[in-house]
Every structure is written in C-alpha cells, then in structure tokens.
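Subject: The structure, and what turned up in it

Hi there,

Here is the structure I promised to pass on. Have a look at it first, and then read on for what I found.

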Amino acid sequence: TILAGPGDGRLYALAAGNGRARWVLDRSSEWQYLRQLHVSGRVLVAGSYKEKLYGSAVDAGTVLWSFDAGNFINSHHVAGDTAYLWSPTGWIFALDVASGAMRWRHRTTDYSGAAGHWAPVMAELVTDEGRLYALAMDDVLHVLDTASGKETSRRKLPERVRPSVLPIPAHGLAFAAAQGDVLLVAG
C-alpha cells in the first residue's frame with residue numbers, strides 16, 4: 001500500500017501494484033495538508049498543519065484518535081509504539097500510537113524569556129537507545145529520556161548546524177554544519 005497526502009485535505013491509500021485507491025479519507029474541512037506520515041503496526045500517524053496529530057487505521061482509513069497540540073505540528077517522530085511531537089506552544093509530547101493517550105509531556109518554554117527556556121525546535125525529533133534528541137534553533141541539543149520525558153542533558157554545539165540530527169551507532173551524533181562540513185559529536 002502506498003500512502004499519500006498531497007495537500008488537498010485528503011489522505012489516499014493506493015494499491016502498490018496498480019495504483020487503484022483502497023480508501024480515501026477526506027478531512028479537507030479539518031486539515032490543509034499532512035506534514036509527515038509514519039506507520040507503526042496497523043496505525044498511520046500523521047501530523048496536520050492545523051494543530052492535530054492523527055492516528056488512523058492503515059487497512060480501513062478510519063480515524064482512531066486525534067491529539068490537539070495547540071499549534072501546528074512542526075516535528076513529529078514515531079518509534080515503536082510511541083509518537084513524539086514538538087508544538088510551538090512550548091511542549092514536547094509522547095503519545096501512545098494505538099490509543100493517542102499522552103504518556104508524558106515536557107515543557108520546553110513558557111515564553112517568559114527566563115533563562116533556561118529552549119529556542120524553537122526546527123529539526124525533526126530523533127530517538128536512539130532510550131533517548132529523544134531535540135535540536136533547537138540556537139544550536140543546543142536537548143536529550144530527553146524516552147520513558148519519562150525528563151531532560152537528561154543539553155549541549156551547546158561548537159558551531160552552527162543545519163536542522164538535523166543523525167545518531168551513528170558506536171560513533172556519536174552527526175550534524176550538517178552550516179559551513180558544509182559534517183560535525184561528529186560524541187554521544
């Protein structure tokens with residue numbers, strides 16, 4: 001099955017062999033387009049530009065749950081049975097993929113300007129070995145425990161980087177440096 005959300009407010013499931021529609025989910029009144037499509041088990045997780053993360057049945061195209069993030073879904077990631085997302089409202093959320101229930105949330109900022117608050121998160125969230133990596137626009141890498149949502153570390157990177165984090169097992173984390181090089185940082 002090929003899943004596609006072309007920006008018309010609809011989600012299409014097409015047969016890979018002949019391209020015929022298996023189902024069409026029309027939510028044009030609720031979403032403009034879907035940011036990303038991730039499949040975990042029999043659930044398709046998709047973030048809409050209009051504030052919601054959706055879980056839909058892959059085989060039938062029915063919406064199983066929706067989660068209101070309070071602002072557009074800028075970055076979400078699915079690993080195993082958990083969906084992670086950052087909302088510009090100042091929270092990272094961890095949701096159960098099957099039910100949409102919140103497992104935990106972590107405050108990134110309350111927009112008071114107080115020291116210690118995160119800059120906006122523009123890189124895609126990434127998980128590896130029990131850690132959730134969130135790269136903020138001020139080139140600070142925040143690391144959260146995937147089970148609890150507690151921040152375990154934060155690190156100011158030694159140079160400007162592009163919005164991406166790539167864990168490389170046994171070597172650390174790779175970043176695309178703003179100058180065109182690859183920056184490798186110990187994990």
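Let me start at Arg160, which is exposed, with a relative accessible area of 51%. One thing to keep in mind throughout is that this is a predicted model.

**Salt bridges**

Arg160 has a partner in Asp139: their side chains meet in a salt bridge, with 2.4 Å from N to O. Arg160 sits in the loop between β15 (151–156) and β16 (166–168), while Asp139 sits in the loop between β13 (131–135) and β14 (140–145), so this pair ties together parts that are 21 residues apart in sequence. Is Asp139 buried or exposed? Asp139 counts as buried, because its relative accessibility is 3% and the cut-off for buried is under 20%.

The count of salt bridges comes to eight. Another one of them links Arg131 to Glu129, where the closest N and O atoms are 3.7 Å apart. Here Glu129 is exposed, at 63% relative accessible area, and Arg131 is partly exposed, at 29%.

Arg154 and Glu151 also meet through their side chains in a salt bridge, at 2.9 Å from N to O. Both partners of this bridge are described as partly exposed: Arg154 has a relative accessible area of 42%, and Glu151 has 25%. Elsewhere, Asp8, Arg10 and Asp26 are joined into one network by salt bridges that share partners.

**The hairpins around β9**

Next, the strands. How many residues of strand β9 (residues 82–87) are buried? Six of its six residues are, which leaves the strand mostly covered. In a regular strand, side chains alternate between the two faces of the sheet. In β9, Thr82, Tyr84 and Trp86 point one way and Ala83, Leu85 and Ser87 the other way, and all are buried.

β9 has β8 as one antiparallel partner, with five bridges joining the two strands. Within this pairing, Val78 has Ala83 of β9 as its bridge partner. The hairpin of β8 and β9 has two residues between the strands, and Gly80 takes a positive phi near 65° there.

β9 also pairs with β10 in the antiparallel sense, this time over six bridges. Trp86 stands opposite Ile92 of β10. Three residues lie between the strands in the hairpin of β9 and β10, where Gly90 takes a positive phi near 100°.

**His76**

Strand β8 (residues 75–79) holds a histidine to look at, His76. His76 is buried, with a relative accessible area of 1%. What does the side chain of His76 make a polar contact with? The partner is the side chain of Gln36, at 2.7 Å. Leaving aside neighbours within four places in sequence, His76 is in contact with Gln36, His38, Val45, Ala46, Gly47, Leu53, Tyr84, Leu85 and Glu124. Two residues of that list, Tyr84 and Leu85, come up in β9 as well, where they point opposite ways.

**Aromatic rings**

There are three aromatic pairs in the structure. One of them is made by Phe67 and Phe93: the ring centres are 4.9 Å apart and the planes lie at 65°, so the pair is edge-to-face. Phe67 belongs to strand β7 (residues 63–68) and Phe93 to strand β10 (residues 91–96), so the pair ties together parts that are 26 residues apart in sequence. Phe67 counts as buried at 11% relative accessibility, and Phe93 is buried too, at 5%.

Trp91 joins Phe67 and Phe93 in one aromatic cluster. Trp91 also has a charged neighbour, as Arg105 lies over the face of its ring, at 3.9 Å from the ring centre.

**Leu183**

The last stop is Leu183, in strand β18 (residues 182–185). Leu183 is buried, with a relative accessible area of 11%. Apart from neighbours within four places in sequence, Leu183 is in contact with Pro158, Glu159, Val161, Leu173, Ala174 and Phe175. If you want to place Leu183 relative to Lys156, the two are 27 residues apart along the chain and their C-alpha atoms are separated by 13 Å.

Happy browsing, and best wishes!

Terms used
Residues numbered from 1 in each chain as written. Predicted model: local features only at pLDDT ≥ 70, side-chain atom pairs only at ≥ 80, totals over all residues. Heavy atoms only, no water. Salt bridge = Lys/Arg side-chain N within 4 Å of Asp/Glu carboxyl O. Buried < 20%, exposed > 50% of the residue type's maximum accessible area, 1.4 Å probe, protein only. Helix = DSSP H or I, 4+ residues; strand = E, 2+ residues; numbered from the N terminus. Polar contact = N/O pair within 3.5 Å; in protein donor to acceptor, adjacent residues only side chain to side chain. Contact = heavy atoms within 4.5 Å. Phe/Tyr/Trp six-rings, centres within 6.5 Å; stacked < 30°, edge-to-face > 60°. Lys NZ or Arg CZ within 6 Å of the ring centre and 35° of its normal. Pairing = 2+ DSSP bridges.
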